[in-house]
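Q: I have a protein model open and want to learn how to read it. Could we start with its pocket?

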Amino acid sequence: MKFELPPLPYPKEALAPAISPRTVDIHFEKHHRGYMEKLEKAIGGKPLANEELEDILRKTDGQEFNLAAQVWNHTFYWMSLRPDGGGEPPAEIADALSRDFGDVSQFRKELAEAATGEFGSGWAWLIQRDSGELAVISSSDAENPLTSGANPLLTIDVWEHAYYLDYQNDRGAYVRAVIDSLLNWDCVAQRLRSREAGRKAS
Ligand code: MN
């Protein structure tokens with residue numbers, strides 16, 4: 001892998017008012033970049049460093065796993081958000097969500113509960129299980145659904161650094177703002193399609 005962060009997919013002010021430019025700046029430049037720098041220090045020059053990031057996080061544990069997973073999780077978090085996001089998903093996603101959650105509003109409710117209810121630092125995810133079924137889960141610290149064979153479709157970072165400057169202790173308000181105005185359905189569609197393509201090819 002290259003020890004370089006992909007650029008943010010939008011300007012740092014683009015997620016306001018749900019997430020302030022200052023939060024995006026510190027989150028990306030200090031936290032996300034910090035994980036990448038520590039990962040390079042930990043594995044740079046080792047054979048492991050020649051692997052892709054997804055393979056590194058599948059093959060490691062302890063601190064190496066934590067750093068690799070946090071780099072992946074954050075890159076995916078930025079992709080999971082977009083300015084003027086949220087709203088109604090496109091038909092193919094709405095159909096899949098209705099199939100597995102009952103309806104789209106029930107999905108939103110379960111995602112908000114998982115994100116708000118995760119105790120301590122972690123992530124809330126929409127995933128696709130190996131069976132094809134969609135599900136909402138939360139994970140603790142750096143844990144990542146790839147390690148259990150699931151396909152991550154969307155994530156919300158619920159570490160305090162993701163919201164504390166903007167919302168202080170009110171994680172629920174941050175989660176509601178993200179779900180209502182920033183969720184990137186294109187990310188979900190892309191991940192669903194790449195899983196489909198991978199299945200047809202194999
Ligand atoms: Mn974070």
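A: We can. The largest pocket is lined by 14 residues, and Met-1, Pro-6, Leu-53, Trp-72 and Thr-75 lie nearest its centre. On a 1 Å grid over the protein atoms alone, a pocket is an open set of points with protein on both sides within 12 Å along at least five of seven lines, and lining residues have an atom within 4 Å of a point. This is a predicted model: local features need pLDDT of at least 70, side-chain atom pairs count only at pLDDT 80 or more, and totals for chains, interfaces and linings use all residues. Residues are numbered from 1 along each chain as its sequence is written, and side-chain values use heavy atoms, without hydrogens and water.

Q: Which element gives the most to the lining of the largest pocket?

A: H3 does, with 5 residues. Helices are DSSP runs of H or I with at least four residues, strands are runs of E with at least two, and both are numbered from the N terminus. H3 is mostly covered, with 14 of its 19 residues buried. Buried means under 20% relative accessible area, exposed over 50%, and partly exposed in between (1.4 Å probe, protein chains only).

Q: Which atoms are the protein donors of the manganese ion?

A: Donors are N, O and S atoms within 2.8 Å of the metal (3.2 Å for Na, K and Ca); water is not among the atoms, so sites may look incomplete. Here the protein donors are His-27 (NE2), His-74 (NE2), Asp-157 (OD) and His-161 (NE2), 2.0 to 2.2 Å from the ion. His-27 lies in helix H1 (residues 21–43) and His-74 in helix H3 (residues 62–80), so the pair ties together parts 47 residues apart in sequence. His-27 is buried at 1% relative accessible area. His-74 is buried too, at 0%.

Q: How do I read the sides of a helix?

A: An α-helix has 3.6 residues a turn, so residues three or four places apart point the same way. Take H5, residues 104–117. Its buried residues are Val-104, Phe-107, Arg-108, Leu-111, Ala-114 and Ala-115. Down the axis of H5 they fall within an arc of 130 degrees, so they line one face of the helix. The arc is that of the directions from the helix axis to the C-beta atoms.

Q: What about unusual backbone angles?

A: Most residues other than glycine have a negative phi, and most peptide bonds are trans. Asp-84 has a positive phi of about 55 degrees. Asp-84 lies in the loop between H3 and helix H4 (91–101), and is exposed at 73% relative accessibility. A cis peptide bond joins Ala-16 and Pro-17, with omega about 5 degrees.

Key. Expected span 1.5 Å × (residues − 1). 1 Å grid on protein atoms, 1.4 Å probe; cavity = no way out; pocket = protein on both sides within 12 Å on 5 of 7 lines; lining within 4 Å.
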